[in-house]
Amino acid sequence: MGCGSSTQGLHGRNAHGSMPRKADKGANDNATNTFRDGDSDVSSDDSAQMRLREGKARSKSVSRLEALAKEREPDDEPEMFLWGDFVVDINQVNKKPAAAKRNPRHSFRQRTGKKKDGDTFQFSDFFISMDEREIDHIDLKPPTHDIVPKKNLDEYHIRAYERYSLIGHSTRVKCICVAPSENFFISCSNEDASMTMCSIENGKEIMSFMGHEDTIINACFSNDAKYLATTSRDNTMILWDVATGKQTLTFEHKKVVICCCFSKDSKLLVSGCQDKACRIWETKKGREQNSFVQHEGIIISVSFAPNAETIVSASADKTLRIWKVSDASPVHTLKGHTAIILSCTFRSDGKYIVSNDDRVLRVWDAVTGHSTLSLPVDEVPRPNTEPGKQQTWTLSSYCPGPLGFYVIAACNSKAVHVLHPETGEEILALYCKAPVYCLSCGSTSKVAFGDSYGNVFIVTLYAA
């Protein structure tokens, strides 16, 4: 818990009864078998009769309630199961559970391994020193030029990595997103209706984005770092000005908005909704440009191709669909997953797509629609998995910057894996204290992910 940052090469991988009745004055003066309750004498016979009457009354009330509930029960209720934060049947979400509405402020501090003079606080069984490093300036702007690798993506390899952790949320980290400049990130827990922006260096809070009326599900930055989009259970997607933290547009939906993604030029924004539709919006005027409605299940993940000509969407119908931005016409239907697809992402060059359900991770050729890799979760190492607990994939993406050739994926075995996209070989494993359910990659070298204990981890990958 108190580990500091570390840099490593790849060679060391490391009662309840009824209240007694008051006795009638004079009526029970000569009664036997009485007991005292406060200032009252109560006959045990009267007490027994009273409990009997109350018991019969309760039984009648329960019977009436059960009969009423049976009348209201639907005749053909579908079989449902809980997936993530949703109750899902085989094709669609039937209802959403009630959720807490919170707008807390979080205190992020970097964990350090050495004891320092100054303020400390107790975290679980550990005393953690507070790192008070100040940041002179937060650059909200991305680089002025696109980061283009000098070599082909497959020619790079991971030389080393650096990792440190931040103490942030009191419950599971639901959503995290690294800014294009990699100077800051935003995150929230599964109980929060606001996002907090913090320094990626030491976790110092910069600002909060408050405006949603229910918990937030997903968030993403625009490529030019001007905008932030957030989706929520309140049936809205909000577009924020990153520099001021103010809302610029609110996009109303009929049902819960689950996911979103910007085009590379930041002019368009796509949303995926519980009503099984994907919608493309203009970021300047807020107009709906197109909608794609060919999925048969809720939309769980969406990703713009780098050229902004196509979009890939993942659904509870167990398919991915590639479709055109211009007219929402279908291009490919990618079949192969046997369960709800949890995530999908285009590679930085647009040639491939990575996706996963809970059991299998797949890589697809974006041009032909063919699957080039199928990796069952049971084929990766599982040293941190509890005995008898089934290992599952939780999400997947591509590594940042020049290392974008490699797949990065998280699972419930308290680990994040960097994998070769052609062979499925594990290149690097990053271990945590709890399962990981959110992950985000920056534009150059940063990766951020959060676990179910509320910890945030920052990793820098060095390429060679």
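Two strands count as a pair if DSSP finds at least two bridges between them. Keep that in mind as you work through this predicted model.

**Exercise 1.** Work out which strands lie at the edges of the open four-strand sheet.

*Solution.* Start with the order, which is β15-β16-β17-β18, with antiparallel pairing. Next, look for strands that pair on one side only: these are β15 (216–221) and β18 (247–252), so they are the edge strands under the two-bridge rule for pairing. As an extra, going from one strand to the next, the twist averages 15°.

**Exercise 2.** Check that β15 and β16 really qualify as a pair.

*Solution.* First find β16, which covers residues 227–232. Then look up its bridges to β15: there are five, and the two strands run antiparallel. The rule asks for at least two bridges, so the pair qualifies. For a spot to look at, try Phe221, which sits opposite Leu228 in β16.

**Exercise 3.** Track down the largest nonpolar core and see what surrounds Val447.

*Solution.* This core holds 25 residues, and Val447 is listed with Ile408, Val416, Val418, Leu439, Phe449 and Leu461 as having the most contacts inside it. Now ask which strands feed it: at least two residues each come from several strands, including β10 (158–167), β36 (446–451) and β37 (455–463). Finally, zoom in on Val447 and skip its neighbours within four places in sequence: its contacts include Pro400, Ile408, Leu439, Phe457 and Leu461.

There's also a second, separate core of 17 residues, and Phe221 from Exercise 2 belongs to it, along with Met195, Trp240 and Val242 among others.

**Exercise 4.** Say how much of the protein is buried.

*Solution.* Take the 464 residues: 50% of them count as buried.

Conventions
Residues numbered from 1 in each chain as written. Predicted model: local features only at pLDDT ≥ 70, side-chain atom pairs only at ≥ 80, totals over all residues. Heavy atoms only, no water. Buried < 20%, exposed > 50% of the residue type's maximum accessible area, 1.4 Å probe, protein only. Axes fitted to C-alpha atoms, helices over the stretch in contact; angles between N-to-C directions. Core = buried A, V, L, I, M, F, W, Y, C linked by side-chain atoms within 4.5 Å. Contact = heavy atoms within 4.5 Å.
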